[in-house]
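Let's take a walk through a protein model together. Have the sequence and the 3D view ready, and follow along as we go.

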Amino acid sequence: MTSKDILQKAIRRERPERLPVIMDSLGISDAIRISVKEAASFTPSRKGEDEWGCLWKQTDVPNMGQVVEHPLENIRNLAKTSIPNYADDSRYTEVKDILKTANDENKYVICGIFMVLFERMHSLHGFENTLIDLYTDRPAMEDLAD
């Protein structure tokens with residue numbers, strides 16, 4: 001049974017011969033990921049800045065780090081926020097090669113965008129601000145969610 005078969009059976013709850021494994025950090029996976037990349041035209045204005053204007057800092061612990069500056073700390077600046085263009089073809093230049101590899105290795109394909117919905121909201125607005133404003137300024141937070 002291939003990695004792809006194992007994952008498909010697990011998704012369908014058809015009892016594969018073993019549990020699927022997706023442990024990229026250990027170099028073991030029954031799946032191959034296609035992730036949306038930064039646009040080729042993106043140039044950060046400072047080290048650690050993402051396309052949304054969030055400033056990320058790393059610690060000594062090897063992980064993704066955390067946002068330390070939130071461009072929408074003041075939710076009233078929402079109208080001034082520019083949203084990255086996810087239709088930009090430069091984000092997807094590796095897709096054909098990844099799909100070929102997945103086919104050659106008989107792996108399941110998982111696609112995704114890093115940080116969506118709530119994660120993006122609190123990276124833009126700050127975690128504490130997000131929680132408070134969900135209660136105190138629901139209309140503004142609904143606009144942010146949109």
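How much space lies in the largest pocket? Keep in mind that you're looking at a predicted model. In that model, the largest pocket holds about 380 Å³ of space. It has 17 lining residues, and the ones closest to its centre are Trp52, Arg120, Leu144, Ala145 and Asp146. Try clicking on those to find the spot. Two helices, H3 and H5 (138-145), each supply at least two residues of this lining. As for the chemistry, 13 of the lining residues are nonpolar, one is polar and three are charged.

Now let's move to the second largest pocket. Here you'll find about 300 Å³ of space. This pocket is lined by 13 residues, and Val36, Glu38, Glu51, Phe114 and Arg120 sit nearest its centre. Its lining splits into seven nonpolar residues, no polar ones and six charged ones. Did you spot Arg120 again? That residue is among those closest to the centre of the largest pocket and also among those nearest the centre of the second largest one.

Next, go back to helix H3, which covers residues 118-125, and look for His125. Is His125 buried or exposed? His125 counts as buried because its relative accessible area is just 1%, and the cut-off for buried is under 20%. So who are its neighbours? Leaving out residues up to four places away in sequence, His125 touches His70, Leu72, Glu73, Ile75, Thr130, Asp133, Met141 and Leu144. With one of these, Asp133, the His125 side chain makes a polar contact, side chain to side chain, at 2.6 Å. Leu144, another on that list, also appears among the residues closest to the centre of the largest pocket.

Terms used: Residues numbered from 1 in each chain as written. Predicted model: local features only at pLDDT ≥ 70, side-chain atom pairs only at ≥ 80, totals over all residues. Heavy atoms only, no water. Helix = DSSP H or I, 4+ residues; strand = E, 2+ residues; numbered from the N terminus. Buried < 20%, exposed > 50% of the residue type's maximum accessible area, 1.4 Å probe, protein only. Polar contact = N/O pair within 3.5 Å; in protein donor to acceptor, adjacent residues only side chain to side chain. Contact = heavy atoms within 4.5 Å. 1 Å grid on protein atoms, 1.4 Å probe; cavity = no way out; pocket = protein on both sides within 12 Å on 5 of 7 lines; lining within 4 Å. Points joined across faces, edges and corners; volume = space filled by probe spheres on them. Nonpolar A, V, L, I, M, F, W, Y, C, P; charged D, E, K, R; others polar.
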